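Hi,

Here's the structure I said I'd pass along. Have a look at it first, and my notes follow underneath.

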Amino acid sequence: MTEHNDIDHISGRSTTGHEWDGIKELNTPLPRWWILSFYATILWAIGYWVVYPAWPLLSSYTTGVFDYSTRASVVNDLASLEELRGEKMAVLGKASLTEIEKDPALLGLARARGKTVFADNCAPCHGSGGAGAKGYPNLNDDDWLWGGSLDQILQTIQFGARSGHAQAHEGQMLAFGRDGILTKTEIVTVANYVRSLSGLTTAAKFDAAAGTKIFAENCAVCHGENAKGNQALGAPNLTDRIWLYGSDEDTLVETISYGRAGIMPAWSGRLDPITVRALAVYVHSLGGGQ
């Protein structure tokens with residue numbers, strides 16, 4: 001490598017004096033406008049650091065001279081929105097659930113509010129349209145674990161199921177296999193019996209009489225002698241073809257063996273009372289309300 005200041009005889013341009021294997025490094029400064037723009041961005045960045053939140057600290061961050069916060073901005077916008085809704089929401093809070101459903105104006109307001117809240121809080125489990133998923137009830141049909149009337153839906157939303165709230169729905173399916181209440185053979189037999197209640201196919205050597213006996217002695221106390229379920233206990237109807245976890249034999253055997261005890265949170269401490277009422281009306285209006 002050679003190093004000297006020179007003029008490239010081919011291009012006629014100045015070089016830095018660096019040359020590698022016959023390749024010369026041209027001395028081509030950046031345009032002045034580019035340099036000035038670069039310096040301007042540095043000054044802009046320094047100004048941004050000063051006026052806006054920018055640098056993390058041990059337990060907080062620099063707030064900047066403007067003391068700006070996107071979170072505070074959102075909170076203020078929501079507060080302004082709630083102020084605009086104030087009078088209408090107050091009327092909604094004073095009306096009974098039945099009155100809300102009978103008044104088109106109140107019903108429209110409740111459904112609009114409920115739909116937004118449902119999307120933010122309920123859709124992750126029940127789906128955006130309330131169609132449910134495995135382990136999460138479909139809210140569009142007329143099959144309800146804890147009741148589908150307006151008051152029952154309101155109670156479920158307010159206090160949840162097995163949520164730990166003093167007024168929550170309580171009810172837990174026994175783990176018949178894990179706790180040694182039934183043998184594996186008995187579990188398979190009663191699983192096939194449950195399938196037969198919905199008109200589903202059963203195993204070739206299924207003993208219907210044995211299944212009927214096992215069900216009567218262990219399951220009927222919650223699901224009823226006719227297997228229509230018990231909403232007071234959250235015990236589902238086993239005679240329709242609406243299954244929360246699935247109706248294939250393996251899934252039913254798993255359910256009977258280990259039980260089910262899904263938890264729904266209590267929303268009374270997370271949402272204000274008027275919003276909870278609007279949500280109850282919205283869920284009731286999805287199509288499955290009783």
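A quick definition before the numbers: helices here are DSSP runs of H or I with at least four residues, and strands are runs of E with at least two. Also, keep in mind that this is a predicted model.

With that in hand, residues 206-287 come out at 45% helix and 0% strand, with the end C-alpha atoms 37 Å apart. Residues 109-198 are 46% helix and 0% strand, and there the end C-alpha atoms sit 40 Å apart. Both ranges carry the UniProt feature "domain: Cytochrome c", from an unreviewed entry.

The domain split cuts things up another way: domain 1 is 5-60, domain 2 is 70-166 + 262-285, and domain 3 is 182-256. Between the C-alpha centres of domain 1 and domain 3 there are 76 Å.

Two residues I looked at in detail:

His223 belongs to helix 9 (residues 220-223). Its relative accessibility is 12%, so His223 counts as buried. A polar atom of the His223 side chain lies 3.0 Å from the backbone oxygen of Pro236. Beyond four places in sequence, His223 touches Phe215, Lys228, Gly229, Ala235, Pro236 and Leu238.

Asp240 is in the loop between helix 9 and helix 10 (249-258). Which side chain of opposite charge is nearest to Asp240? That's Lys228, 7.8 Å away, and Asp240 is buried with no salt bridge. The Asp240 side chain does reach the backbone nitrogen of Ile242, at 3.2 Å. Setting aside neighbours within four places in sequence, Asp240 contacts Asp143 and Ser198.

Cheers

Note on methods
Residues are numbered from 1 along each chain as its sequence is written. This is a predicted model: local features need pLDDT of at least 70, side-chain atom pairs count only at pLDDT 80 or more; totals for chains, interfaces and linings use all residues. Side-chain values use heavy atoms; hydrogens and water are left out. UniProt positions are given in the numbering used here, feature names are shortened, and annotations may be inferred rather than shown by experiment. Buried means under 20% relative accessible area, exposed over 50%, partly exposed in between (1.4 Å probe, protein chains only). A polar contact is a pair of N or O atoms within 3.5 Å; within protein, one must be able to donate a hydrogen and the other to accept it, and residues adjacent in sequence count only if both atoms are side-chain atoms. Contact means heavy atoms within 4.5 Å. Domain bounds come from an automatic or database domain assignment. Lys and Arg count as positive and Asp and Glu as negative; His and the chain ends are not counted. A salt bridge is a side-chain nitrogen of Lys or Arg within 4 Å of a carboxyl oxygen of Asp or Glu.
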